[in-house]
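Work through these exercises with the model open beside you. Try each task before reading its solution.

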Amino acid sequence: MRHHYVPQFLLRRWTNAAGKLRIYKMRDGRLTRKDMGPKSTGYENGLYALVAGVLGFPEDHLEKRLFGPIDNNAAVALDKIERRAVLTEDDHIAWTFFLCSLRIRQPDVLEFLRTEGKQHHAEILANLDKESLPAGVPNTEQWFNRHFPGTIDAATLTSWLPRMILHDDVADRFSGLHWWCREFEADAPKLLLSDLPLHWEGGFNQPGFFIQLPIGPDRIFFGTASAETEQILGAMPADVLIPRVNRSTLASSSQRFWATMDGGVDAFVEANRDVIGKNVTPFRSFAPWNRKPPECEVNEGGA
């Protein structure tokens, strides 16, 4: 079962008339290229199957019932943002929710929750058992493993995933930024899309903080904390801004990145292979029990 961790509606924005986009992947130090449709990339088989299986749902339940509505509502909000239409409160919530979800749905996050997250969850349960269970009684983890195998693993995921997506500090910060898009002329260089699509720069609580998300080969979404930053990004020539954004995209690519097949970006990618994956941050630094968001430094490849 293909569980997409990069939204298909976002990938479709890079497709050509035949419905395909170019997929780049680093494999054993070698860069590969393949042209396929959005359904065939940006996924991992059975990524959310553990949770669905234990809860008795079909394997695609979480993708359809959790991330599907997030992406559908975000697509509506993004259309309004691009048209500079007035957003409703629901639109604002939907886009904030989407931005916050982009990092949390990644395979390394699920793996983290299955390992370190599971250990942390077990420690919480053990501490609670010490306070309430009499000696000689099986602890909570033992009881569930005996009677409902897999439930503790699923509970770890279902407990932490919503908290991470709705991290109060991150959601409030993203929601409070000024949202806007910049569109480029047809002859401008084409933007790339990373499998870690959302990029931010500057100290999280500093005036110069901003987020960027390529939303097509010829347009990008920004969320800026100050009018000065917005002015700089809005006035920067396209032939300067786009290569800098693309370098940050390459630097933040974990496994894959994408381009439009008609973009002529192969030469740029080859010339910047040295930065691919350079700024990927291990998820453990964002652990939900580490409530303070990181003070991100400006990335070398950023804008």
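**Exercise 1: Helices on the sheet**

Task: find which strands α4 lies across, and its angle to β8.

Solution. Step one: α4 lies across β5, β8 and β9 (219-224). Step two: α4 runs at about 95 degrees to β8. Axes are lines fitted to C-alpha atoms, for helices over the stretch in contact, and angles run from 0 to 180 degrees between N-to-C directions. Helices (H or I, at least four residues) and strands (E, at least two) are DSSP runs, numbered from the N terminus. Step three: turn to helix α9 (residues 227-235), which also packs on the sheet and touches β5, β8 and β9. The direction of α9 makes about 10 degrees with that of β5.

Before going on, note the ground rules. This is a predicted model, in which local features need pLDDT of at least 70 and side-chain atom pairs count only at pLDDT 80 or more, while totals for chains, interfaces and linings use all residues. Residues are numbered from 1 along each chain as its sequence is written, and side-chain values use heavy atoms, with hydrogens and water left out.

**Exercise 2: The sheet**

Task: state the order of the four strands in the open sheet.

Solution. Step one: the order is β5-β9-β8-β7, with antiparallel pairing. Two strands pair if DSSP finds at least two bridges between them. Step two: look at the edges. β5 and β7 (199-201) each have a single partner strand, so one side of each is left without a neighbour in the sheet. Step three: the twist averages 25 degrees from one strand to the next.

Task: how many bridges join β7 to β8, and over how many do β8 and β9 pair?

Solution. Step one: three bridges join β7 to β8. Here Trp200 stands opposite Ile211 in β8, and His199 stands opposite Gln212 in β8. Step two: β8 and β9 pair over six bridges, in the antiparallel sense. Pro214 has Ile220 in β9 as its bridge partner. Step three: β8 and β9 form a hairpin, with two residues between them.

Task: why is β8 largely enclosed by the rest of the structure?

Solution. Seven of the seven residues of β8 are buried, so β8 is largely enclosed. Buried means under 20% relative accessible area, exposed over 50%, partly exposed in between (1.4 Å probe, protein chains only).

**Exercise 3: The nonpolar cores**

Task: how many residues make up the largest nonpolar core?

Solution. Step one: the core has 34 residues. A nonpolar core is a set of buried Ala, Val, Leu, Ile, Met, Phe, Trp, Tyr and Cys residues joined through side-chain atoms within 4.5 Å. Step two: those with the most contacts inside the core include Trp95, Phe98 and Phe221. Step three: trace the sources. Among the elements supplying at least two residues each are α3 (61-83), α4 (89-104), β5 (178-183) and β8 (210-216). Step four: follow Phe221. Not counting residues up to four places away in sequence, Phe221 touches, among others, Ile81, Trp95, Leu99 and Trp179. Contact means heavy atoms within 4.5 Å. Step five: a second, separate core of 12 residues includes Trp180, Leu191, Phe210 and Leu241.

**Exercise 4: Two residues of one helix**

Task: are Thr249 and Ile242 buried or exposed?

Solution. Step one: Thr249 is found in helix α10 (residues 238-251), and Ile242 is found in α10 too. Step two: Thr249 has 6% relative accessibility, so Thr249 counts as buried. Ile242, at 0%, counts as buried. Step three: leaving aside neighbours within four places in sequence, Thr249 is in contact with Leu192, Leu193, Ser194 and Pro214. On the same basis, Ile242 is in contact with Phe184, Ala188, Pro189, Lys190 and Leu191. Step four: the C-alpha atoms of Ile242 and Leu192 are separated by 9.1 Å, at 50 residues apart along the chain.
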